[in-house]
Each structure stands twice: as C-alpha cells, then as structure tokens.
Amino acid sequence: MKGPKILVVEDDPGLLEGLADNLRAEGFLVETASDGGRGRVLLRREEYDLVILDWMLPVRSGLDLLRDLRASGDTTPVLMLTVRNEIPDRVLGLEVGADDFLGKPFALQELLSRVRALLRRKGWGKKEEIRSFTWGEIHFDLEAFKVRKEGKEASLSPREVEILACLHRRAGRVVTRSEILDQVWGVGVYVGPRTIDTHVLNLRKKIESLGGDPGIIETVHGMGYLMNDPPSSES
C-alpha cells in the first residue's frame with residue numbers, strides 16, 4: 001500500500017525543497033509547485049490526500065487556490081503556511097476552507113505532527129487493534145502484556161506493547177521514530193529518540209532471554225525501525 005500523496009505549494013525554493021525532502025523521508029509521496037498557477041494545474045489534474053499551501057504565492061494566492069478548491073466541492077485537507085498570524089486572517093482562511101494553520105517560521109516536528117493529524121481525520125493511520133500475533137516460535141499476547149516461547153514467558157510494559165503493535169501494523173516497512181512517537185506517546189508530547197531506543201533494546205533483551213531472535217526488530221539507521229517478516233518454516 002502506497003503512502004499518502006501530498007502536494008506542497010510554496011514559492012521559497014529552499015523551504016519547498018526542504019519540506020519535500022523531509023516529507024519523503026517520512027514515507028509520503030510528494031509533488032511540488034512553486035507558484036499558484038502551477039499549483040492550480042496540479043490540483044485540477046491530480047488527486048491528493050493533503051495539500052500544504054502557502055498563503056502568499058506568485059501568479060495566484062494560496063487563498064485563491066483554496067477558494068477554488070472548495071468551490072469545486074473538493075474536501076482534501078489543507079494545511080496553510082503563513083506569516084499572517086493575526087486572528088482576522090486566520091478566521092478568513094478558516095471560513096474559506098483551511099483545515100489548519102502553521103505560522104512561519106515553524107519547527108519541522110510540529111509540521112509533521114499536524115500533517116499526520118490531518119491525515120488521520122481522512123482515515124490514514126487509523127490504529128488497527130492488534131491483540132496478539134506470532135513470529136516464528138514466539139507468541140506475543142498484547143492483551144496479557146506477555147511474550148511467550150516454548151512454555152517460557154516474559155512480561156511486557158504498556159509502552160513495549162504499543163511499540164510492538166505500531167511496528168506490526170507496518171511489518172516489513174520502516175516506521176520512523178517520529179511516527180512511533182506520535183502513535184505511542186501522542187502528538188505534541190516531547191519524548192527524546194533515545195527513549196524509543198531504550199524501549200526497543202529492552203524488547204530485544206526479553207525476546208532473546210526466551211531463546212528468540214531479537215532480529216525481529218531491525219534498526220534502520222537514520223530512519224527508525226522495522227519488524228522483519230517471520231523466518232520461513234521451510235527447512
């Protein structure tokens with residue numbers, strides 16, 4: 001399954017490139033436009049799961065693009081970037097149809113959190129409840145907070161259970177640290193990346209203590225973690 005498709009319309013070349021690179025690193029499909037004219041063409045031609053739209057654009061303003069989008073009946077979530085932080089401007093943007101605002105300058109982590117929150121409203125990233133799963137000879141009972149193998153068991157903490165569920169939902173694919181933070185600790189809660197690393201290390205130790213393969217959870221340096229596919233049952 002492909003990730004959400006995002007259009008970024010921003011006239012600052014450095015910011016546009018930086019946003020696109022960071023969003024792609026998080027697993028999103030990204031297209032870009034550097035002015036309102038090109039943005040309008042793409043919005044008429046393509047379908048997107050989210051639009052990140054600068055208010056002040058050459059050729060055609062972000063507000064005009066938003067007005068056109070909503071007039072056509074398109075309900076795609078729109079996150080507006082703006083230096084116009086006065087309440088009347090925000091009210092105008094909301095009345096035209098913006099879903100959220102982010103004032104410039106902004107922190108990348110805040111933008112990513114807002115992007116994920118808007119995508120969740122559309123149905124992306126909804127948590128599938130996972131009660132248990134088996135990986136090779138290891139059985140993870142998330143409801144009972146236990147991991148078992150051949151009659152032996154170890155207890156799991158609530159955070160460890162949430163991390164396992166988060167990785168299992170995306171088994172075989174990289175889950176970034178920021179995604180784990182948002183899904184396990186919640187959007188807007190600051191937790192250092194070393195906290196995640198510590199929980200994963202503890203999980204590996206518990207799996208290994210039962211004679212299991214700690215390689216079930218692989219570190220992807222510079223990105224995050226992935227849950228590998230179970231070993232083949234063929235001898």
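This is a guided tour of a predicted model, moving from its salt bridges to one helix and then to a sheet.

**First stop: Lys5 and its partners**

Begin by selecting Lys5 and showing its side chain together with that of Glu31, since the two meet in a salt bridge with an N to O distance of 3.9 Å. This pair links distant parts of the chain, with Lys5 in strand E1 (residues 5–9) and Glu31 in strand E2 (residues 29–33), 26 residues apart. Glu31 is partly exposed, at a relative accessible area of 26%.

Keep Lys5 on screen and add Glu46, with which Lys5 forms a salt bridge whose closest N and O atoms are 3.2 Å apart. Here too distant parts of the chain are linked, because Glu46 lies in the loop between helix H2 (36–45) and strand E3 (50–54), 41 residues from Lys5 in strand E1. Glu46 is partly exposed, with a relative accessible area of 26%.

Now add Arg45 to the selection, and you will have the four residues Lys5, Glu31, Arg45 and Glu46, which are linked in a network of salt bridges. For context, a search of the whole structure finds 22 salt bridges.

**Second stop: Arg148 and Asp141**

Move next to Arg148 and Asp141, whose side chains meet in a salt bridge at 3.2 Å, N to O. Are these two residues buried or exposed, wholly or in part? Arg148 counts as partly exposed at 29% relative accessibility, whereas Asp141, at 17%, falls under the 20% cut-off and therefore counts as buried.

**Third stop: helix H5**

Select residues 108–122 to bring up helix H5, which has 15 residues and reaches 21 Å from its first C-alpha to its last, close to the 21 Å expected at 1.5 Å a residue. If you then show side chains along H5, the buried residues to pick out are Leu111, Leu112, Ser113, Val115, Arg116, Leu118 and Leu119.

**Last stop: the sheet E6-E7-E8-E9**

Finish with the open sheet that 4 strands form in the order E6-E7-E8-E9, with antiparallel pairing. Strand E6 (132–135) and strand E9 (152–155) stand at the edges, each with a single partner strand, so one side of each is left without a neighbour in the sheet. Looking across the sheet, neighbouring strands are turned by 20° against each other on average, direction ignored.

To examine one pairing in detail, select E6 together with strand E7 (residues 138–141); the two run antiparallel and are joined by 4 bridges. Within this pair, centre the view on Phe133, whose bridge partner in E7 is Phe140.

Definitions and conventions:
Residues are numbered from 1 along each chain as its sequence is written. This is a predicted model: local features need pLDDT of at least 70, side-chain atom pairs count only at pLDDT 80 or more; totals for chains, interfaces and linings use all residues. Side-chain values use heavy atoms; hydrogens and water are left out. Buried means under 20% relative accessible area, exposed over 50%, partly exposed in between (1.4 Å probe, protein chains only). The expected span of a helix is 1.5 Å times one less than its number of residues. Two strands pair if DSSP finds at least two bridges between them. Axes are lines fitted to C-alpha atoms, for helices over the stretch in contact, and angles run from 0 to 180 degrees between N-to-C directions.
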